[in-house]
Amino acid sequence: MRDQLFASVPQPATYRRWTAVRGLGDARLVGGPGSEDIPDTEHPAAAFAWIATKAEFTRSVNVFYDVASSLSDPRTLRSLKEAVARMRGLFGVIVLVDRGRQLPTSVEADATRYEVPFADDDALDAALRDAIKELKKTRAITIELHRATLSAMVRSLRGLTVRQAMRVVTAAAAEDNRFDDSDVERMMILKRNALGDLGGVLEFVKAPVTMDEIGGLARLKSWLAMRTAARTEGAERYGIRAPRGVLLLGVQGAGKSLAAKAIATAWGVPLLRLDAGALYDKFVGESERKLRDSLVQADRMAPAVLWIDEIEKGFAAAASQSSDGGMSRRMFGTLLTWMQERTAPTFLAATANDISALPPELLRKGRFDETFFVDLPGSAARRTIFEIHLRKRKRDASAFDLDALAACADGYSGAEIESAIESAMHLAFADKERPPTTADVARTIEASPPLSVVMAERVAELRAWAAERCVPAD
């Protein structure tokens, strides 16, 4: 990046760099013959002050690394302002290289942002091959890769710099001295670590390992299976656009979250959950920044599934005349723009309990590939759900009358079935730690009425709305 910055500056020019370790010095002579750092400039305020009072050469480039966090100090900020004024008169420039995106308002007007673009697929392919070549110089590496897997690996590295990509590949291959098709998943985990913390709004969610851990959702599973091939380069050449998103509407607790996890499981990609309710901040501009940063992070993790849970909580106010000064409308506009213009293979899975609260612009054709209604599980799905949750708790499902339990749990959601099994386990454990029985589970089911009974009118209304507007997920 340093070479890119300096190459565009007319010659002759002075090139300086600053780090907290070395202070201010000649950028071209770091550690080389004749290199000399300017004394007592390790503190950024002192370095900016030196530029403001002692810099003499015109057309100078002064690069500061990792200094943004220090600008909260009034002395450092004042020194920067005076250094900027000095450089303006000498046709020089101050470059701040940092991961942080925020600058104090008082210097924002003097700054021009430049975001280093991500490495393209050709650069990532070269980085992958170079990393393996370097690793083979020091150890024996067995390489068994199919061409399709190599393409998938390159796609999984999108959003990383060349250096980060090489580290990910090296770590994946060095773990067992093999580099083969099984390393795709390992590289995704290493990529997650390379990108670091995603902040308080966006979080990684562990999806089920296989689709066998997910009961019901037959139509959704079929839809996902059909579109798996549409995510390949062959489909793109054929003229098929990669799937972009689904809206999951359903009864509370019926399995919308599980449906979002099913998408990530079916495609073997990371699942990122965005808490729409946590976007809002009391400081002006912070809510919009949180959303923008979250969408950028999601695209950097692509291919991935971005799950916006209970989307109506974050954007319902955009459908009404809210009293938040237009913030909700601006945030909603940011989301729509991203949905329309994104190029990264980030699949959006949005869940909602109350679709009437959503702005109509979000529901028009083209925003989502499909709108699925996740209803309460049917008899066969309930039986499968009982089997899955009993197996998770190290119980032999064949020892239970699953058909009787499925009939007993008519009208219960998957979450309520799981809760009933938990309660039955506690009941049996308290009774001299005996094994739970079918009767225990049936008793806990009958003791707790389901949401479909407690809120029967609301559930009936939701089902009636979805009957002609949504595709059943099961």
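# Briefing: helix packing, loops and cysteines

Valine 116 is partly exposed, with a relative accessible area of 44%. This residue sits in the loop between α4 and α5, and the model that contains it is predicted. The chain has 474 residues, of which 44% are buried, and its secondary structure comprises 21 helices and 13 strands. Of the contacts with a separation of 6 or more, 76% join residues 24 or more positions apart.

**Loop between α4 and α5**

- Valine 116 lies 45 residues from threonine 161 in sequence, and the two C-alpha atoms are 9.2 Å apart.
- Alanine 119 belongs to the loop between α4 (105-108) and α5 (121-136).
- Alanine 119 has a relative accessible area of 18% and is classed as buried because this is under the 20% cut-off.
- Valine 116, in contrast, counts as partly exposed because its 44% falls between the cut-offs of 20% and 50%.
- The C-alpha atom of alanine 119 is 6.3 Å from that of valine 162, a residue 43 positions away along the chain.
- Once neighbours within four places in sequence are set aside, alanine 119 contacts Leu124, Leu160 and Val162.

**Packing of α5 on α6**

- Helix α5 crosses helix α6 (residues 147-156) at roughly 110°, and their axes come within 9 Å.
- The two helices are roughly perpendicular, because the angle lies in the range from 65 to 115 degrees.
- The crossing of α5 and α6 is right-handed.
- On the α5 side the contact involves Asp121, Leu124, Asp125, Leu128 and Arg129, and on the α6 side Leu150, Met153 and Val154.
- By class, the contact of α5 with α6 has five nonpolar and three charged residues, with no polar ones.
- Leu124 appears in this contact with α6 and is also one of the residues that alanine 119 touches.

**Packing of α16 on α18**

- Helix α16 (residues 379-392) packs against helix α18 (residues 414-430) at about 45°, with 10 Å between the axes.
- This arrangement is oblique, because the angle is neither under 35 degrees nor within the range from 65 to 115.
- The crossing of α16 and α18 is right-handed.
- Helix α16 contributes Arg382, Ile385, Phe386, His389 and Leu390 to the contact, while α18 contributes Gly414, Ile417, Glu418 and Ile421.
- Five of the residues in the contact of α16 with α18 are nonpolar, two are polar and two are charged.

**Packing of α18 on α19**

- Helix α18 also packs with helix α19 (residues 438-447), at an angle of about 120° and with the axes 8 Å apart.
- The pair is oblique, because the angle is over neither the 145-degree limit for roughly antiparallel helices nor inside the 65 to 115 range.
- The crossing of α18 and α19 is right-handed.
- Residues Ala420, Ile421, Ser423, Ala424, Leu427 and Ala428 of α18 meet Asp440, Val441, Arg443, Thr444 and Ile445 of α19.
- The contact of α18 with α19 divides into seven nonpolar, two polar and two charged residues.
- Ile421 of α18 takes part in the contact with α16 and in the contact with α19.

**Positive phi angles**

- Most residues other than glycine have a negative phi.
- Phenylalanine 91 is not a glycine, yet its phi is positive, at about 60°.
- Phenylalanine 91 is located in the loop between α3 (74-90) and β4 (93-97).
- With a relative accessible area of 68%, phenylalanine 91 is exposed, because this value is over 50%.
- Asparagine 177 likewise has a positive phi, near 60°.
- Asparagine 177 is placed in the loop between α7 (162-174) and β6 (178-180).
- Asparagine 177 is partly exposed, with a relative accessible area of 31%.

**Cysteines**

- Zero disulfides are found in a search of the whole structure.
- Cysteine 408 is partly exposed, because its relative accessibility of 24% lies between 20% and 50%.
- Cysteine 470 has a relative accessible area of 11% and is therefore buried.

Definitions and conventions: Residues are numbered from 1 along each chain as its sequence is written. This is a predicted model: local features need pLDDT of at least 70, side-chain atom pairs count only at pLDDT 80 or more; totals for chains, interfaces and linings use all residues. Side-chain values use heavy atoms; hydrogens and water are left out. Axes are lines fitted to C-alpha atoms, for helices over the stretch in contact, and angles run from 0 to 180 degrees between N-to-C directions. Helices (H or I, at least four residues) and strands (E, at least two) are DSSP runs, numbered from the N terminus. A crossing is left-handed if the near helix is turned anticlockwise from the far one by less than a right angle, and right-handed if clockwise. Contact means heavy atoms within 4.5 Å. Ala, Val, Leu, Ile, Met, Phe, Trp, Tyr, Cys and Pro count as nonpolar, Asp, Glu, Lys and Arg as charged, and the others, Gly among them, as polar. A disulfide is a pair of cysteine sulfur atoms within 2.5 Å. Buried means under 20% relative accessible area, exposed over 50%, partly exposed in between (1.4 Å probe, protein chains only).
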